[in-house]
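Biologist: I am new to this structure. Please take a close look at one part, beginning with a single residue, and work outward to its surroundings.

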Amino acid sequence: MALRFALVIEPAASDDPRPDFGGSFRVIDPSAPALSVGELSTQRGDGIFESIGVVDGHAQETQAHLERLAHSAEICDLPVPHLEQWRQAVEIAAQHAPSQGEGVIKLILSRGVEHGPAPTAWVTVNAAPDNTAARERGIRVVTLDRGYGIDTPASAPWLLLGAKTLSYAVNMAALREAKRRGADDAIFVTSDGFVLEAPTASLILRIDGRFVTPAPNGGILHGTTQLSLFAHLEEQGLATGYETLPIGAMGKADAAWLLSSVRLAAPVTAIDGVEVPVDAELTASFNRYLLSPRD
Ligand code: PLP
């Protein structure tokens, strides 16, 4: 799908007092070459990104995405992003997303050109793919070993495990492996037997009426969709929790979902070939909520 719009950002220092950052944005032809061949994002995957869902022209959960961008920047020793500058860029981008239906705004902050003076930053806008089948019919998943233990994020912070980095080759390889095994998606587990996340989504399990998700304590991303859905569930008086979940916990779930900003709530129909019940009504209500305007 061809990109609809792209904007290059000249990143401002985090304490820049300008109220209007319009002069720091440059609209570019989204189909023309734009990056230097010296870019560290393309040479080394050295940078971070965010994907924001857009519904009927409204960018969803912008603040949560910007906060996570700042968190990823901190983990990766990138300059602190100026959140107001990025917010204004998202606002412009949203005007170029489909005014009806779903879109995606991608924010990218790269370390820049090798030995260059500054990081490179840009924003793209696209229409979202049709995710109806995953939302309504569900997805089959397989568990895949992520190759590290539950304590690794703390002992090896240079693995950047809690950052949304541009180095997604491993995540994409996991999705291909899942497909080779006849599934639609994967759930990463640690080599010492704990549940993590999917390659591009968070996992929620319903166990004994509680909604639980693996604790985002360094090894996984804290999903903005999961955060938003938990707040919604809590408003209805439902119990939620972050836990260190052993693989066996998945066998106790009477419903499970993968959650992410663009696909939204996809009910899990099977884990490693073992059927998982689907609560179709609740899933539909999750997606109605996730498709409503959220800030
Ligand atoms: N975990 C990983 C590894 C992801 O890449 C993503 C999103 O792409 C998520 C979780 C879900 O995050 P969000 O709900 O903010 O899209």
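**From a loop residue to the sheet and its helices**

Modeller: With a relative accessibility of 80%, over the 50% cut-off, His115 counts as exposed. This is a predicted model, so every value here is computed from it. His115 sits in the loop that runs between strand 5 and strand 6 (120-127). Its phi is near 60°, a positive value in a residue that is not a glycine. Most residues other than glycine have a negative phi.

A second residue with a positive phi is Glu61, at about 55°, and Glu61 is not a glycine either. Glu61 belongs to the loop between strand 4 and helix 2. Its relative accessibility is 11%, and because the limit for buried is under 20%, Glu61 counts as buried. Of these two loop residues, then, His115 is exposed, whereas Glu61 is buried.

The strands beside these loops belong to one sheet. It is an open sheet of six strands, ordered 2-1-6-5-3-4, with antiparallel pairing. Strand 2 (25-28) and strand 4 (58-59) are at the edges; each has a single partner strand, so one side of each has no neighbour in the sheet. Strand 5 lies between strand 6 and strand 3 in that order. Its pairing with strand 3 can be followed in detail: strand 3 covers residues 47-55, strand 5 covers residues 102-110, and nine bridges join the two, which run antiparallel. Within this pair, Gly47 is opposite Ser110 of strand 5.

Helix 2, residues 62-75, packs on the sheet and touches strand 3, strand 4 and strand 5. The direction of helix 2 makes about 175° with that of strand 3.

Helix 2 also meets another helix. Its axis and that of helix 3 (residues 83-94) come within 10 Å and cross at roughly 135°. Helix 2 and helix 3 are therefore oblique to each other, since 135° lies outside the ranges for roughly parallel, roughly perpendicular and roughly antiparallel. The crossing of the two helices is right-handed. On the side of helix 2, the contact is made by Thr62, Gln63, Leu66, Leu69 and Ala70. Helix 3 contributes Leu83, Trp86, Arg87 and Val90. Sorted by class, the residues of this contact are six nonpolar, two polar and one charged.

Note on methods
Residues numbered from 1 in each chain as written. Predicted model: local features only at pLDDT ≥ 70, side-chain atom pairs only at ≥ 80, totals over all residues. Heavy atoms only, no water. Pairing = 2+ DSSP bridges. Helix = DSSP H or I, 4+ residues; strand = E, 2+ residues; numbered from the N terminus. Contact = heavy atoms within 4.5 Å. Axes fitted to C-alpha atoms, helices over the stretch in contact; angles between N-to-C directions. Buried < 20%, exposed > 50% of the residue type's maximum accessible area, 1.4 Å probe, protein only. Parallel < 35°, antiparallel > 145°, perpendicular 65-115°, else oblique. Left-handed = near helix turned anticlockwise from the far one by under 90°. Nonpolar A, V, L, I, M, F, W, Y, C, P; charged D, E, K, R; others polar.
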